[in-house]
Amino acid sequence: FQPRSDLHFHHRIKSKVIMSAAAARRRKQLLARKKQQQESAGDAVAAQLQKLLADDSLSEESTAYEALQLAQSQVRKKVHAGEFKEAVDLAYNGSLAILKNGRVSVASQLLTVLANVLRETHTEETDELLDRLEELDKAHKAAMEGRTGLEADRLQRLQRDWLRRCVQWSSELGPIRFGHTRVQELYAAQCWSVSQSVEKENEEDEIAGLKTDAVTHMALAEKPERIIEWLKTLPKPTDKETKTGHVCPPAERDALLTRAVLCLCAIENLRDATTLVKSYIDNVEEREIDTLTKSYTSKDDGKAPSHIVFCCMLLRTCEKDPRTGPLFSWLLRSFKRELDGMFKPQIIQSYTTKIGKIYFNIQPPPNMMNMLENMMGMMGGMGGAGGGMNPAMMQAMMQGM
């Protein structure tokens with residue numbers, strides 16, 4: 001015999017179990033329906049986006065902007081869902097379609113989304129992606145053809161910023177140190193292009209920075225012949241810029257050559273550094289190299305040390321064994337004034353510090369190591385006149401260049 005209260009208790013528990021199971025089924029049905037509705041809505045948005053991207057009216061700003069907003073939301077949705085490849089594909093296809101319809105300002109916003117997604121999702125670098133970046137840059141150039149003025153300058157700067165993000169992505173997630181040469185070349189070319197449109201009277205530092213970035217990244221792109229093409233367009237050094245003890249910066253052409261050679265030596269690419277120097281002598285330098293070489297150690301001809309001679313001797317020294325470290329140190333001392341007068345000399349000093357460490361085992365002071373790693377190192381032991389070099393030794397070093 002079971003008490004009535006116990007029977008009532010078990011009945012209540014059983015009812016709760018049945019109701020809980022029914023509620024769970026109902027909840028599941030509601031969630032499934034909601035998901036289906038969301039997918040339907042998402043499919044509708046995706047369909048609308050594809051329709052806009054294929055529409056002839058995409059060349060109109062209002063249509064392009066509507067496509068941008070839909071693409072941004074769809075890309076973000078795919079990222080949240082873990083559909084990283086699909087997100088990249090959508091950002092690429094949307095950007096390309098908008099660029100081909102001439103809406104560069106709108107496309108630049110979606111290009112930024114693409115670069116950010118590549119980095120956020122740790123998308124690995126592939127040849128296909130590099131092809132796509134080149135295709136986008138080509139489409140951008142075509143869309144900008146013939147445009148001038150302040151708005152054109154703004155759009156060209158935005159493209160430079162986008163390419164810089166692509167270099168960062170390639171450096172972080174690609175197999176090549178500092179970023180793939182193909183992306184480096186795109187970024188370098190864009191920097192030089194922007195430098196040509198900036199007003200010289202108002203933005204001298206900006207122009208110097210753009211040209212500096214251009215030759216540096218073209219060196220990282222392993223394209224010395226393109227650097228030579230740029231240097232050909234620059235004026236030859238003036239008497240004021242080559243006078244002993246000149247207070248003005250070195251000639252732009254000289255300084256950019258030296259910066260590129262130092263960068264190549266610092267990343268242990270003596271092959272392209274040698275190609276750059278030889279091509280400069282053959283195609284750019286108007287003065288006689290023998291005359292410049294003799295002048296380098298002369299103290300009474302009123303001429304500052306020549307950049308091309310410095311570069312030649314630097315390469316010859318780096319090709320020798322570590323025991324030529326004192327020769328390297330003398331070379332830096334003899335050229336200190338020129339190096340200190342270049343744009344952002346702390347970067348130049350980081351190159352020379354790294355060169356000394358790599359080729360001659362010259363260790364920077366311990367407190368400089370972190371600064372060196374951040375390309376802000378200071379070269380120790382460069383002050384003072386130091387001893388001279390035998391002219392015969394200089395001539396021997398210059399042979400073969």
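Helices, in the numbering used here, are DSSP runs of at least four residues counted from the N terminus. On that basis, E268 lies in the loop between α11 and α12 (270-283). The model is a predicted one, and the features described below are computed from it.

The protein comprises 19 helices and 0 strands. Of its 401 residues, 45% count as buried. The exposed surface amounts to about 21,400 Å², of which carbon and sulfur atoms supply 51%. Among contacts with a separation of 6 or more, 69% are made by residues 24 or more positions apart.

Helix α7 (residues 181-195) illustrates the covered elements of the fold. Its 15 residues should span 21 Å at 1.5 Å a residue, and the end C-alpha atoms are indeed 21 Å apart. Because 12 of these 15 residues are buried, α7 is largely enclosed by the rest of the structure. The buried set consists of T181, V183, Q184, L186, Y187, A188, A189, Q190, C191, W192, V194 and S195. These residues pack against five helices, namely α5 (127-144), α6 (150-173), α8 (204-220), α9 (224-232) and α11 (252-266).

One residue of the neighbouring helix α6 was examined individually. Q156 is found in α6 and has a relative accessible area of 18%; it is therefore classed as buried, the cut-off being under 20%. When neighbours within four places in sequence are left aside, Q156 is in contact with H140, M144, Q190 and V194. Of these partners, Q190 and V194 are among the buried residues of α7. An α-helix has 3.6 residues a turn, so residues three or four places apart point the same way.

Helix α8 is also mostly covered, with 12 of its 17 residues buried. From first to last C-alpha, α8 reaches 24 Å, close to the 24 Å expected at 1.5 Å a residue. The buried positions are I207, G209, L210, K211, T212, A214, V215, T216, H217, M218, A219 and L220. Their packing partners are α6, α7, α9, α11 and α17 (345-360). Following α8 is E222, with a positive phi near 60°.

Helix α3 (residues 84-100) has 17 residues, and its first and last C-alpha atoms lie 24 Å apart, close to the expected 24 Å at 1.5 Å a residue. Since 12 of the 17 residues are buried, α3 is largely enclosed by the rest of the structure. Those residues are A87, V88, D89, L90, A91, Y92, G94, S95, L96, A97, I98 and L99. After α3 comes G102, whose phi is positive, near 80°.

The packing of α2 (residues 61-80) with α4 (residues 104-120) was analysed as a helix pair. The two axes are 9 Å apart and meet at an angle of about 10°. This makes α2 roughly parallel to α4, since angles under 35 degrees fall in that class. On the α2 side, the contact involves A64, Y65, L68, A71, Q72, V75, R76 and V79, which meet V106, Q109, L110, V113, V117 and E120 of α4. The residues of this contact divide into 10 nonpolar, 2 polar and 2 charged.

Backbone geometry was then considered in the loops. Most residues other than glycine have a negative phi. H122, although not a glycine, has a positive phi of about 50°. The residue is placed in the loop between α4 and α5, and H122 counts as exposed because its relative accessibility is 57%, the threshold being over 50%. E268 likewise is not a glycine yet has a positive phi, of about 65°; as noted at the outset, E268 belongs to the loop between α11 and α12.

A further loop position is T297, located between α13 (289-296) and α14 (307-318). With a relative accessible area of 25%, T297 is partly exposed. The C-alpha atom of T297 is separated by 8.5 Å from that of S334, a residue 37 residues away along the chain.

Notes: Residues numbered from 1 in each chain as written. Predicted model: local features only at pLDDT ≥ 70, side-chain atom pairs only at ≥ 80, totals over all residues. Heavy atoms only, no water. Helix = DSSP H or I, 4+ residues; strand = E, 2+ residues; numbered from the N terminus. Buried < 20%, exposed > 50% of the residue type's maximum accessible area, 1.4 Å probe, protein only. Expected span 1.5 Å × (residues − 1). Contact = heavy atoms within 4.5 Å. Axes fitted to C-alpha atoms, helices over the stretch in contact; angles between N-to-C directions. Parallel < 35°, antiparallel > 145°, perpendicular 65-115°, else oblique. Nonpolar A, V, L, I, M, F, W, Y, C, P; charged D, E, K, R; others polar. Areas by Shrake-Rupley, 256 points an atom, 1.4 Å probe, with all protein chains shown as cover.
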